[in-house]
Amino acid sequence: MALYFTSFGGFLALTAWLPTYWREFLGQDVTQAAYLTAYFSILASVVRVFGGSLSDRIGGERAAFLAYGLVVLGALLLTQASSFGLAFLGETLLGFGMGVGNAAVFKMVPYYVPDAVGGASGWVGGLGATGGFVVPPVLGYFVRAYGEARGYPMGYTVYVALGLLALLLVWLLSATKREVAVRDRKA
């Protein structure tokens, strides 16, 4: 659920947050801010298909490492972005990472919860989506606490932290999977 909170919940949060970010921080007009947000939303949605195929080929954990690495990288760029180009690149990396991450999570569910895939998927989807409601107020806190010039970029540290936590969780899942495989070979 924590992985999906980052990828899908984070995606939902950014679809709500990006119009304000583009308008207030980078001075884009309302129409341009809407196009930039739509770009992010469509990109992450389309990339999810690629993420599913990639997860099938290399495994959910490896695809998740790539995905959450891109989330961290994109968020780091956004913490430093003061120009349109850098912000657009950061948004693009976040879109790719979140799209692949969404798919990778559901590749892992049947392995880790084989006797309750449907129920687990429901919990993952339902609770993971809460990120869409939890993260925007936190981003808003940064703007209120530090002002627009520092607060908008600093808000993306939330995604850096979530991405790093997701990478740690994927590493722990991978380590557990390897331990089970070794134990099964010995048995």
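Reader: Which helix holds the place of Leu66?

Author: This is a predicted model, so read what follows with that in mind. Leu66 falls within residues 60-80. That stretch is helix H3.

Reader: And is Leu66 buried, partly exposed or exposed?

Author: To be called buried, a residue needs to be under 20% relative accessible area, and to be exposed it must be over 50%. Leu66 has 41% relative accessibility. With that value, Leu66 counts as partly exposed.

Reader: How far apart in space are the C-alpha atoms of Leu66 and Phe25?

Author: Along the chain, Leu66 and Phe25 are 41 residues apart. In space, the separation of their C-alpha atoms is 29 Å.

Reader: Let's zoom out. What pattern does the chain follow along the sequence?

Author: There are seven helices in the chain and zero strands. Reading along the sequence, you get α-α-α-α-α-α-α.

Reader: Why can the chain be called as compact as a globular protein of its length?

Author: For 187 residues, the globule rule gives 16 Å. The chain is close to that, so it is as compact as a globular protein of that length, with a radius of gyration of 17 Å.

Reader: What does the C-alpha trace span along its principal axes, and what percentage of the residues count as buried?

Author: Along those axes, the trace spans about 60 × 30 × 25 Å. As for burial, the chain has 187 residues, and the share that count as buried is 48%.

Reader: How much of the accessible surface belongs to carbon and sulfur atoms?

Author: The whole accessible surface of the chain comes to about 9,000 Å². Of that, the part belonging to carbon and sulfur atoms is 68%.

Reader: How far apart are the mean positions of the positive and negative charges?

Author: The chain has 12 positive and 9 negative charges. Take the mean position of each set, and the two lie apart by 9 Å.

Reader: On to Ser7: is it buried or exposed, and which side chain does it join through a polar contact?

Author: Ser7 has its place in helix H1, residues 2-25. Its relative accessible area is 0%, so Ser7 is buried. Beyond four places away in sequence, Ser7 touches Met98, Gly101, Asn102 and Val105, as well as Tyr68. The polar contact, at 3.4 Å, is with the side chain of Tyr68.

Reader: What about Ser55: which residues is it in contact with, leaving aside neighbours within four places in sequence?

Author: Ser55 lies in helix H2, which covers residues 30-58. At 1% relative accessibility, Ser55 counts as buried. Leaving those sequence neighbours aside, its contacts are Gly60, Ala63, Ala103, Ala104 and Lys107.

Reader: How far apart are the C-alpha atoms of Ser174 and Glu61 in space?

Author: Ser174 lies in helix H7, residues 157-186. Ser174 is buried, with a relative accessible area of 8%, and among its contacts outside four places in sequence are Phe65 and Tyr112. Glu61 is on that contact list too. Ser174 and Glu61 are 113 residues apart along the chain, yet their C-alpha atoms are separated by 6.4 Å.

Reader: Last one, Leu86: which residues does it contact once neighbours within four places in sequence are left aside?

Author: Leu86 lies in helix H4, residues 84-112, and counts as partly exposed at 27% relative accessibility. Its C-alpha is 9.4 Å from that of Gly74, with the two positions 12 residues apart in sequence numbering. With the sequence neighbours left aside, Leu86 is in contact with Leu77, Gln80 and Ala81.

Methods: Residues are numbered from 1 along each chain as its sequence is written. This is a predicted model: local features need pLDDT of at least 70, side-chain atom pairs count only at pLDDT 80 or more; totals for chains, interfaces and linings use all residues. Side-chain values use heavy atoms; hydrogens and water are left out. Helices (H or I, at least four residues) and strands (E, at least two) are DSSP runs, numbered from the N terminus. The radius of gyration is taken over C-alpha atoms; the globule rule is 2.2 Å times the number of residues to the power 0.38. Buried means under 20% relative accessible area, exposed over 50%, partly exposed in between (1.4 Å probe, protein chains only). Accessible areas come from the Shrake-Rupley method with a 1.4 Å probe; for residues, only the protein chains shown count as cover. Lys and Arg count as positive and Asp and Glu as negative; His and the chain ends are not counted. The place of a charge is taken as NZ of Lys, CZ of Arg, CG of Asp or CD of Glu. A polar contact is a pair of N or O atoms within 3.5 Å; within protein, one must be able to donate a hydrogen and the other to accept it, and residues adjacent in sequence count only if both atoms are side-chain atoms. Contact means heavy atoms within 4.5 Å.
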